[in-house]
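Colleague: Hi! I'm new to this one, so could you walk me through it?
Modeller: Happy to, let's put it on the screen.

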Amino acid sequence: MGKPTFNVPRASVDGSCDYCSLEVLREIMKCQGIMPPAVKLGENVALSGRATQSSILRGDEGSLSDAINAIDGNQDPNFVHGSCSCTNSEYAPWWRVDLLKPYRINAIIITNRNSVPERLNGAEILIGNSLANQGNNNPRCAYISSMAAGATQTFYCALVGRYVNIAIRGRQEFLTLCEVQVFGQPV
Ligand SMILES: [Ca+2]
């Protein structure tokens with residue numbers, strides 16, 4: 001039997017989700033007789049990164065919308081408290097953190113807003129070392145089918161990269177993130 005990994009886009013339990021929480025994954029592995037490996041998340045390396053995004057929300061709330069708000073170490077999901085990022089409503093918005101050097105990334109933890117949670121539906125988490133197409137061509141770690149309002153969710157990967165992008169493709173949307181934590185080890 002092969003060595004289990006956490007790159008689990010097929011590990012759907014009921015067909016309604018593309019990705020599993022670690023708890024669900026452990027249950028699947030237990031059922032299959034696989035002992036889940038101990039996962040050491042390590043440090044949130046996003047805290048020392050540099051964040052940018054495709055645009056900054058215009059208007060009175062623009063001052064609350066900087067990309068860095070998604071890596072400020074504060075998971076407050078209330079947008080008006082000033083700890084969430086937000087782009088304009090635009091076609092294919094993206095957000096990116098530059099970790100300044102490559103990491104072997106084990107997990108991404110995302111905190112969604114406590115209002116308009118559907119804006120994050122269909123977002124992709126991309127990881128790699130390329131800035132081609134602003135990093136949005138890098139390999140996909142996870143697809144966020146949906147997240148509840150104010151929820152914090154973990155997505156497991158086994159990818160190496162300096163850049164972590166969150167991108168929405170194929171539609172006009174506000175891309176808004178209250179926190180993006182990135183756990184990995186330097187390579
Ligand atoms: Ca934040």
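What follows is a short chat about this predicted model.

Colleague: Start simple. How many helices and strands does the protein have?
Modeller: There is 1 helix, and there are 10 strands. Going along the sequence, the order is α-β-β-β-β-β-β-β-β-β-β, with the helix at the start of that pattern.

Colleague: And what confidence does the model average?
Modeller: The average pLDDT is 87, and 79% of the residues score at least 70. One stretch to treat with care is residues 1-18, where the pLDDT is below 50. That stretch still has 28 contacts in the model beyond near neighbours in sequence.

Colleague: How should I treat a low-scoring part, then?
Modeller: Where pLDDT is low, it is better not to read the predicted coordinates in detail.

Colleague: Fair enough. What share of the residues is buried?
Modeller: Of the 187 residues, 40% count as buried. As for contacts between residues at least 6 apart in sequence, 75% of them join residues at least 24 apart.

Colleague: Which residues touch the most other members of the largest nonpolar core?
Modeller: Those are I108, C157, V180 and V182, in a core of 42 residues. The elements giving two or more residues to this core are β4, β5, β6, β7 and β10. The largest share comes from β4, with 9 residues.

Colleague: What is I108 in contact with?
Modeller: Setting aside neighbours within four places in sequence, I108 contacts I125, C141, A142, F155, C157, V164, V180 and V182. You'll recognise C157, V180 and V182 from the list of residues that touch the most other core members. As a general point, nonpolar side chains in soluble globular proteins tend to be buried together.

Colleague: Let's talk strands. Why is β10 described as largely enclosed?
Modeller: Because 6 of its 8 residues are buried, β10 is largely enclosed by the rest of the structure. It pairs with β4 in the antiparallel sense, over 8 bridges. To find the pairing on screen, look for I105, which stands opposite G184 in β10.

Colleague: How many bridges join β1 to β4?
Modeller: There are 4 bridges, and the two strands run antiparallel. Within that pairing, T52 has R96 in β4 as its bridge partner. β1 also has two faces: A51 and Q53 lie on the covered one, while R50 and T52 lie on the uncovered one.

Colleague: I've clicked on A67. Where is that?
Modeller: A67 is in the loop between β1 and β2.

Colleague: Is A67 buried or exposed?
Modeller: It's buried, because 22 other C-beta atoms lie within 10 Å of A67, and the cut-off for buried is 20 or more. Leaving out residues up to four places away in sequence, A67 touches A51, T52, Q53, S85 and W95. The C-alpha atoms of A67 and T87 are separated by 8.3 Å, with their positions 20 residues apart along the chain.

Colleague: Moving on to β5. Which strands does it pair with?
Modeller: β5 pairs antiparallel with β6 over 4 bridges, and antiparallel with β7 over 5 bridges. On the β6 side, L126 stands opposite R140. On the β7 side, the bridge partner of I125 is I166. With 5 of its 6 residues buried, β5 is largely enclosed by the rest of the structure.

Colleague: There's a glycine there, G128. What is it in contact with?
Modeller: Beyond neighbours within four places in sequence, G128 contacts G135, N138, P139, G161 and Y163. G128 and G161 are 33 residues apart in sequence, yet their C-alpha atoms are 3.8 Å apart. G128 counts as buried, because it has 21 C-beta neighbours inside 10 Å.

Colleague: Last topic, the backbone. Which sign does phi have in most residues other than glycine?
Modeller: Most of them have a negative phi. V116 has a positive value, near 40 degrees, and N133 has a positive phi of about 50 degrees.

Colleague: Where do V116 and N133 sit?
Modeller: V116 is in the loop between β4 and β5, and N133 is in the loop between β5 and β6. V116 counts as partly exposed because it has 13 C-beta neighbours inside 10 Å. N133 also has 13 such neighbours, so it counts as partly exposed too.

Colleague: Thanks, that helps a lot!

How values were computed:
Residues are numbered from 1 along each chain as its sequence is written. This is a predicted model: local features need pLDDT of at least 70, side-chain atom pairs count only at pLDDT 80 or more; totals for chains, interfaces and linings use all residues. A residue is buried if 20 or more other C-beta atoms lie within 10 Å of its own, exposed if 12 or fewer, and partly exposed in between; C-beta atoms are placed from the backbone. Two residues are in contact if their C-beta atoms, placed from the backbone, lie within 7 Å. A nonpolar core is a set of buried Ala, Val, Leu, Ile, Met, Phe, Trp, Tyr and Cys residues joined through C-beta atoms within 7 Å. pLDDT is the predictor's confidence in each residue, from 0 to 100. Two strands pair if DSSP finds at least two bridges between them.
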